[in-house]
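Hi,

Here is the structure I promised to pass on to you. Please open it first, and then read my notes alongside it.

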Amino acid sequence: MLRAYAADRVRAAEESVMAGLPEGELMARAARGLAEVCRARLAERGGATVVGLVGSGNNGGDALYALAHLADAGYAASAVVGERGVPLGDKDSWEAAGVRIVDGSDQAAVREALGDADVVIDGILGIGGRPGLPDAARRWLDEVPDTAYVVSVDLPSGQDPAGEIGTDTGVFADETVTFGVAKPVHLLPATEAAVGQLTLIDIGLDVEGGPDVERLDFDDVAALWPVPGAADDKYSRGVLGIVAGGEAYTGAAVLSCTAAVESGVGMVRYVGPPTPTRLVRAAVPEAVHGPGRVQAWVVGPGLDVEAEGSDAHAQLRVAREAIDSDLPLLVDAGGLALVAGRRDAPTLLTPHAGELATLVSRLTGDDVSRTDVTAAPLRHARTVADHTGATVLLKGAITLVVPPSDSGLPVRSQDDAPPWLATAGAGDVLSGIAGTLLAAGLSPLDAGSLAALVHGVAADRANPGGPVRALAVAMAVPATVAALLRR
Ligand SMILES: NC(=O)C1=CN([C@@H]2O[C@H](COP(=O)(O)OP(=O)(O)OC[C@H]3O[C@@H](n4cnc5c(N)ncnc54)[C@H](O)[C@@H]3O)[C@@H](O)[C@H]2O)[C@@H](O)CC1
Ligand SMILES: Nc1ncnc2c1ncn2[C@@H]1O[C@H](COP(=O)(O)OP(=O)(O)O)[C@@H](O)[C@H]1O
Ligand SMILES: [K+]
């Protein structure tokens, strides 16, 4: 599990470690680790020249110390500094340590220095940064050659340390070297794309309490996935009720039921009108039909809440009963229109960005667009979680799973899926996997994040490096789970 802690908590941990160490020791550790990574990247590229972009805070200090180590190791090292000059010591002492100081207000000098750079160290802003870059720093970035390998110190400068707000004016790094622990910026969808490869340097930090953001990795699957024992039967493994599909979206029912069966559910009870029922009967002979006793419900894939006629109305009645029940519930797609008040039982809502925008707008009365959601995904997911008491799984290239704030639980952020998974029906498959896990008794947070992981890995395994249809993702789930359990 990768764990990230908010910047203020990291600062508090840094202060308590620093109290027991000689002055400057923590920064010295950070700089040594950073220099080692840069040295390795220079060696891999056969490079001789490293240039630091140095801001006025401690992030710039880390970069300067690393540059001095690299100068000592024989590399040509320069530091571009802003109008406030070097953040620590004075210009002469850094030059005596072998680091050429370049005046960042002299664009020609910046261009000349960066033109030869094999590795660029981005030490403009760290966890003290607000989203966005000063104009001078933006002009420096214009001179960074495409061929240079950009290593960001702690985080890509200009990106929101909290990972809540996206910006396109910040640095986009090839690699980010962070210290002690990861921070939310490294894992959350608004900012993660700017981080590149994440490298963690141990500086002896110990943050108290649980993380703010987590990411399950493959080694977490065995601890969470419900593996049946000899005493289990289909009921003890969990029966999942699926209210999905209509005369308009018939396939959603098949995909959700298929995915549940492929994920090892004890049994599926399907509820829907005649056409999808016929298709489910043909494609998923394991499913039984009609409402009955279940351990959890999936409501919504392909559900048309406006549909007329007695069959559609009967299906809608079961959907509402499921929502009003005290059983674990997943609500997806069309079912999201039925979400109104708070629910006490475990609840997982699984919107994509457009559906989340509609949901936030309806629940808060604000006019929120899909673009607003993608610019600040965590914030909007949390709004719905706090309004409903449900855990919100926001689908996308990175899948966020956000419990309500008062739960004290961390956010999970999963980055397991290839872009090929962005295909119609993939969300229906996710609902079947997550529903199976809810029926087996997992919490919405575990069910949502584990399902997102398995869904993403199954998409890749179904056809590594190429296109994949949603049904193939569902069919790849059994072997994917087995492979993850064998690790
Ligand atoms: N606390 C410590 O002892 C350690 C800190 N470390 C480094 O220190 C960094 C944090 O240092 P600081 O707290 O000095 O923070 P920064 O280095 O991020 O600098 C913050 C400064 O930049 C200004 N600023 C922030 N956002 C701006 C913006 N958008 N445009 C213009 N100016 C802006 C602020 O007003 C402040 O003066 C960490 O990221 C890490 O790199 C490491 O050396 C490990 C030890
Ligand atoms: N760029 C992407 N990279 C990886 N996975 C993605 C990307 N875009 C979407 N996905 C995933 O694909 C699935 C799409 O689900 P959804 O939008 O509900 O589609 P549908 O309603 O057609 O089933 C989600 O699991 C989502 O996380
Ligand atoms: K930085």
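Below is what I found, going from the domains to the ligands and then to the helix packing.

Please keep in mind that this is a predicted model.

**Domains**

The domain assignment splits the chain into domain 1, covering 2-214, and domain 2, covering 218-486. Their centres, taken over C-alpha atoms, are 40 Å apart. Each side brings a set of residues to the contact: 14 residues from domain 1 and 14 residues from domain 2. On the side of domain 1 that touches domain 2, you will find seven nonpolar, three polar and four charged residues.

**The two ligands**

Ligand 1 is surrounded by 23 residues, and the closest are Gly57, Asn58, Asn59, Gly126 and Gly128. Three helices, α1 (7-19), α2 (25-45) and α3 (58-72), each give at least two residues to this shell. The largest share comes from α3, with four residues. Sorted by class, the shell around ligand 1 holds nine nonpolar, 10 polar and four charged residues.

Ligand 2 has 17 residues around it, with Lys395, Ala417, Ala422, Ala426 and Gly427 the closest. Here the largest share of the shell, four residues, is supplied by α15. The classes for ligand 2 come out as nine nonpolar, six polar and two charged residues.

**Helix packing**

Two packed helices are described by the angle between their axes and the distance between the axes, so I give both for each pair below.

Let me begin with α15, the helix already mentioned for ligand 2. Helix α15 (residues 426-439) and helix α16 (residues 444-462) have axes that come within 9 Å and cross at roughly 135°. That angle makes α15 oblique to α16, and their crossing is right-handed. From α15, the residues in the contact are Val429, Leu430, Ile433, Ala434, Leu437 and Leu438, and they meet Ala447, Gly448, Leu450, Ala451, Ala452, Val454 and His455 in α16. This contact counts 11 nonpolar residues, two polar ones and no charged ones.

Helix α16 also packs against helix α17 (residues 470-486): their axes come within 8 Å and cross at roughly 105°. This crossing makes α16 roughly perpendicular to α17. On the α16 side, the contact uses Val454, His455, Val457, Ala458, Ala459, Arg461 and Ala462, while α17 brings Ala472, Val473, Ala476, Val477, Ala479, Thr480, Val481 and Leu484. The residues between α16 and α17 divide into 12 nonpolar, two polar and one charged. If you are colouring by contact, note that Val454 and His455 of α16 appear in the contact with α15 and again in the contact with α17.

The remaining pair is helix α9 (residues 251-262) with helix α10 (residues 274-283), whose axes come within 9 Å and cross at roughly 35°. Helix α9 passes α10 in a right-handed crossing. Ala253, Val254, Cys257 and Thr258 of α9 make the contact with Pro276, Leu279, Val280 and Ala283 of α10. By class, the α9 and α10 contact has seven nonpolar residues, one polar residue and no charged residues.

Happy to go through any of this with you.

Best wishes

Technical notes:
Residues are numbered from 1 along each chain as its sequence is written. Chains are lettered from A and ligands numbered from 1 in the order in which they are written. This is a predicted model: local features need pLDDT of at least 70, side-chain atom pairs count only at pLDDT 80 or more; totals for chains, interfaces and linings use all residues. Axes are lines fitted to C-alpha atoms, for helices over the stretch in contact, and angles run from 0 to 180 degrees between N-to-C directions. Angles under 35 degrees count as roughly parallel, over 145 as roughly antiparallel, 65 to 115 as roughly perpendicular and the rest as oblique. A crossing is left-handed if the near helix is turned anticlockwise from the far one by less than a right angle, and right-handed if clockwise. Two residues are in contact if their C-beta atoms, placed from the backbone, lie within 7 Å. Ala, Val, Leu, Ile, Met, Phe, Trp, Tyr, Cys and Pro count as nonpolar, Asp, Glu, Lys and Arg as charged, and the others, Gly among them, as polar. Domain bounds come from an automatic or database domain assignment. A residue is near a molecule or strand if its C-beta atom, placed from the backbone, lies within 6 Å of it.
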